[in-house]
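Trainee: I have a structure to work through. Can we take it step by step?

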Amino acid sequence: MVATILCPRCWKRSSRTWRRSSTVAPPLLVFCGDYVDRGPQSSQVLTALVWLSRQSTLEIVFLRGNHEVMLLDFLDHPDRNIPWLRRDGAQTLMSYGVDVPGDDLASLETACRALRDRLLDKMPASHLAFLRGLPIRTMCGDYLFVHAGLKPRVSIARQSEEDCLWIGEEFLSADYRFDKIVVHGHSWSADEPEMTANRIGIDTGAYSTGVLTAVRLEGETIVFLQARTRSAETSC
C-alpha cells in the first residue's frame, strides 16, 4: 500500500517505491487517497494515476481521500466549498491552468462558480471519471485498507463514509480490535510510519516532510519503504 501522496513533487520517487515493493507473485497495489492539493502538480499526478490504472499489469485499487471529496464537492457546489479553495484548492486549480484571484473571501465568493466552470473546461474527462469512481475501502487477507480509519466499536459493514475519510484521534488513540488490521493514511506526526496492534499508519506527511511511505505486506512480513525528496534527504 502506498500512503497519501498529497505532494506531487514526490510522485516520481513514489513510483520507484512501489516498484521496489513488488514481489514474485502478482501483488495488489493500494493507494490510500489524497492525490490532489498542497502542491503545484495535482493534475499531473492524476494523469499518472489514470495512466497507471489503464496500463499496469498489476491489480490496483485507488482509494478515495478527503481531499478528493473536497474537490468533487467544489465541482458540485462551488459556493459551499470556498474554505477548501482558500486553504488547499487554489494550487489544484492552478495546476490545470486556472488562475485564482487571491484568497480574500469576497473575491472568491464572487468568482467561485466561474472558477468551477473553467476547471471543468480544463479537466480531462478521464480525471473526473477517475475521481468519481474511487472506492472508500478495500480488504485483502487480514488487512483492511482505508484513507483515514474506522470508528471504534462499529462493525466494518456499518462504517460511515465520513468516518472512513475524516476520522482522527478517536480512531488513532483507540485500542479496539476490528476483524482486520487497519492500514491507513490521513493522519501523521512524523516522517516515520506508525504500527500498533490494531493499525498501520503510513502517512508521513509528504507535502511537508518530503517523505512518502509504502508498506509491503506478505504473509506475516511487514516491510516499510520510503521515497525522499532531496531536501528531505539533506535534512536527515
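Trainee: Which residues of H4 are buried?

Mentor: First, the ground rules: this is a predicted model, where local features need pLDDT of at least 70, side-chain atom pairs count only at pLDDT 80 or more, and totals for chains, interfaces and linings use all residues. Residues are numbered from 1 along each chain as its sequence is written, and side-chain values use heavy atoms, with hydrogens and water left out. Buried means under 20% relative accessible area, exposed over 50%, and partly exposed in between (1.4 Å probe, protein chains only). The buried residues of H4 are Ile-82, Trp-84, Leu-85, Asp-88, Gly-89, Ala-90, Thr-92, Leu-93 and Ser-95.

Trainee: What covers the buried residues of H4?

Mentor: Look for contact, meaning heavy atoms within 4.5 Å. Helices here are DSSP runs of H or I with at least four residues, strands are runs of E with at least two, and both are numbered from the N terminus. The cover includes helix H2 (42-55), helix H3 (66-76) and helix H5 (105-122).

Trainee: Where does helix H4 bend?

Mentor: The bend at a residue is the angle between two fitted axes, one for the seven residues ending there and one for the seven starting there. Helix H4 covers residues 82-95, and its bend is about 75°. The place is Asp-88.

Trainee: Which residues are linked with Asp-88 in a network of salt bridges?

Mentor: A salt bridge is a side-chain nitrogen of Lys or Arg within 4 Å of a carboxyl oxygen of Asp or Glu. Asp-88 is also one of the buried residues of H4. Its partners in the network are Arg-38 and Arg-87.

Trainee: How many salt bridges does a search of the whole structure find?

Mentor: Take one example before the count: Arg-199 forms a salt bridge with Glu-194, with the closest N and O atoms 3.1 Å apart. Arg-199 is buried at 2% relative accessibility, whereas Glu-194 is partly exposed at 40%. The search of the whole structure finds nine.

Trainee: How many residues apart in sequence are the parts tied together by Glu-170 and Lys-151?

Mentor: Glu-170 forms a salt bridge with Lys-151, and the closest N and O atoms are 2.9 Å apart. Glu-170 lies in helix H8 (residues 169-172), while Lys-151 lies in the loop between strand E4 (143-146) and helix H7 (161-166). Glu-170 is partly exposed at 42%, and Lys-151 is partly exposed at 27%. The pair ties together parts whose separation in sequence is 19 residues.

Trainee: Is Arg-228 buried or exposed?

Mentor: Arg-228 forms a salt bridge with Asp-191, the closest N and O atoms being 3.5 Å apart. Arg-228 lies in strand E9 and Asp-191 in the loop between strand E5 (181-184) and strand E6 (194-195), so the pair ties together parts 37 residues apart in sequence. Asp-191 is partly exposed, at 25%. Arg-228, with a relative accessible area of 17%, is buried.

Trainee: What is the order of the open sheet of five strands?

Mentor: Two strands pair if DSSP finds at least two bridges between them. In this sheet the pairing is mixed. The edge strands, E3 and E6, each pair on one side only. The order is E3-E4-E5-E7-E6.

Trainee: Which residue in the turn of the E3 and E4 hairpin has a positive phi?

Mentor: Strand E3 (residues 137-140) and E4 pair in the antiparallel sense over four bridges. Arg-137 has Val-146 in E4 as its bridge partner. Two residues lie between the strands of the hairpin, and the one with a positive phi of about 60° is Gly-141.

Trainee: In E7, what is the bridge partner of Glu-194?

Mentor: E6 and strand E7 (residues 199-201) run antiparallel, joined by two bridges. Glu-194 also forms a salt bridge with Arg-199. Its bridge partner in E7 is Gly-201.

Trainee: What is the phi of Asp-37?

Mentor: Asp-37 lies in the loop between E1 and H2, and its relative accessible area of 0% makes it buried. Asp-34 is in the loop between strand E1 (28-31) and H2, with a positive phi of about 65° although it is not a glycine. For Asp-37, a residue other than glycine, phi is positive, near 85°.
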